[in-house]
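Biologist: I am new to this structure and would love a close look at a single part of it. Please pick one strand, and tell me what lies around it and how it fits into the rest.

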Amino acid sequence: MKNLLGILVLLISCMACQVNNAQNNQTIDVAKYRETMNIKKDIQLIDVRTEEEYNSGHLKNAVNINYNANDFKDKIGKLDKSKPTFIYCLSGGRSASAMLDMSSNGFKELYNMKGGILQWKAKSFPL
């Protein structure tokens, strides 16, 4: 019975952590993404596209960490998990997956750009 109670407490604790992380991790539209980037201090901006995609145009000060590369987890492991981190890709799919990976690796505040750089360009925001 004690073991069952211990397992139940552990499960509830894990669920509470997941809810807390979900509140700090958001997929937001490009206008809100840009606005939030300008408000937050000392951010990390991560482009998770391939090097070729990155070189074709990226947001100012973005660091390229290819989500599909073998060293993705190693590279994100070197980032500051306490800083607000903004991630994006071409259309939002890879960055959504990256956000899940990063959240489970302890990142506290993540923002994913809904629609990716395609939507950024559609709004004529600068690269």
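Modeller: Happy to! Let me start with a term we will need: two strands are said to pair if DSSP finds at least two bridges between them. Please keep in mind that this is a predicted model.

First, some orientation. The protein has 127 residues, of which 36% count as buried. Its secondary structure comes to six helices and five strands, and along the sequence these follow the pattern α-β-α-β-α-β-α-β-α-β-α. The five strands form an open sheet with parallel pairing, in the order E1-E5-E4-E2-E3. At the edges are strand E1 (25-28) and strand E3 (63-64), each of which pairs on one side only.

The strand I would pick is E4, which covers residues 85-88. In the sheet order, E4 stands between E5 and E2. Towards strand E2 (residues 44-47), the pairing is parallel and runs over four bridges; here Gln 44 stands opposite Thr 85 of E4. From E2 the sheet carries on to E3, which runs parallel to E2 and is joined to it by two bridges, with Ile 46 and Val 63 as bridge partners. Towards E5, strand E4 again pairs in the parallel sense, this time over three bridges, and Phe 86 has Tyr 111 as its bridge partner there.

Now look at the side chains of E4. Thr 85 and Ile 87 point one way, Phe 86 and Tyr 88 point the other way, and all are buried. Phe 86 is worth a pause. Its relative accessibility is 0%, so Phe 86 counts as buried, the cut-off being under 20%. Its bridge partner in E5, Tyr 111, is buried as well, with a relative accessible area of 6%.

These two residues also meet through their rings. A pair of aromatic rings is described by the distance of the centres and the angle of the planes. The structure holds four aromatic pairs. For Phe 86 and Tyr 111 the centres are 4.7 Å apart and the planes differ by 15 degrees, which makes the pair stacked. This pair links distant parts of the chain, as Phe 86 in E4 and Tyr 111 in E5 are 25 residues apart. Ring pairs also bring in Tyr 33, which forms a cluster with Phe 86 and Tyr 111. Long-range links show up in the protein as a whole too: among contacts with a separation of 6 or more, 69% are between residues 24 or more positions apart.

How does the chain get from E4 to E5? The route goes over helix H5, and E4, H5 and E5 together make a right-handed β-α-β unit. H5 (residues 93-104) has 12 residues and reaches 17 Å from its first C-alpha to its last, close to the 16 Å expected. An α-helix has 3.6 residues a turn, so residues three or four places apart point the same way. In H5 the buried residues are Ser 95, Ala 98, Met 99, Asp 101, Met 102 and Ser 103. After H5 comes Gly 106, whose phi is positive, near 100 degrees, and the chain then goes on to strand E5 (residues 110-113).

To gather the picture: E4 is paired with E2 and with E5, the side chains of Thr 85, Phe 86, Ile 87 and Tyr 88 are buried, and Phe 86 and Tyr 111 are stacked ring to ring.

Key. Residues numbered from 1 in each chain as written. Predicted model: local features only at pLDDT ≥ 70, side-chain atom pairs only at ≥ 80, totals over all residues. Heavy atoms only, no water. Expected span 1.5 Å × (residues − 1). Buried < 20%, exposed > 50% of the residue type's maximum accessible area, 1.4 Å probe, protein only. Phe/Tyr/Trp six-rings, centres within 6.5 Å; stacked < 30°, edge-to-face > 60°. Right-handed = clockwise from strand over helix to strand, strands pointing away. Contact = heavy atoms within 4.5 Å.
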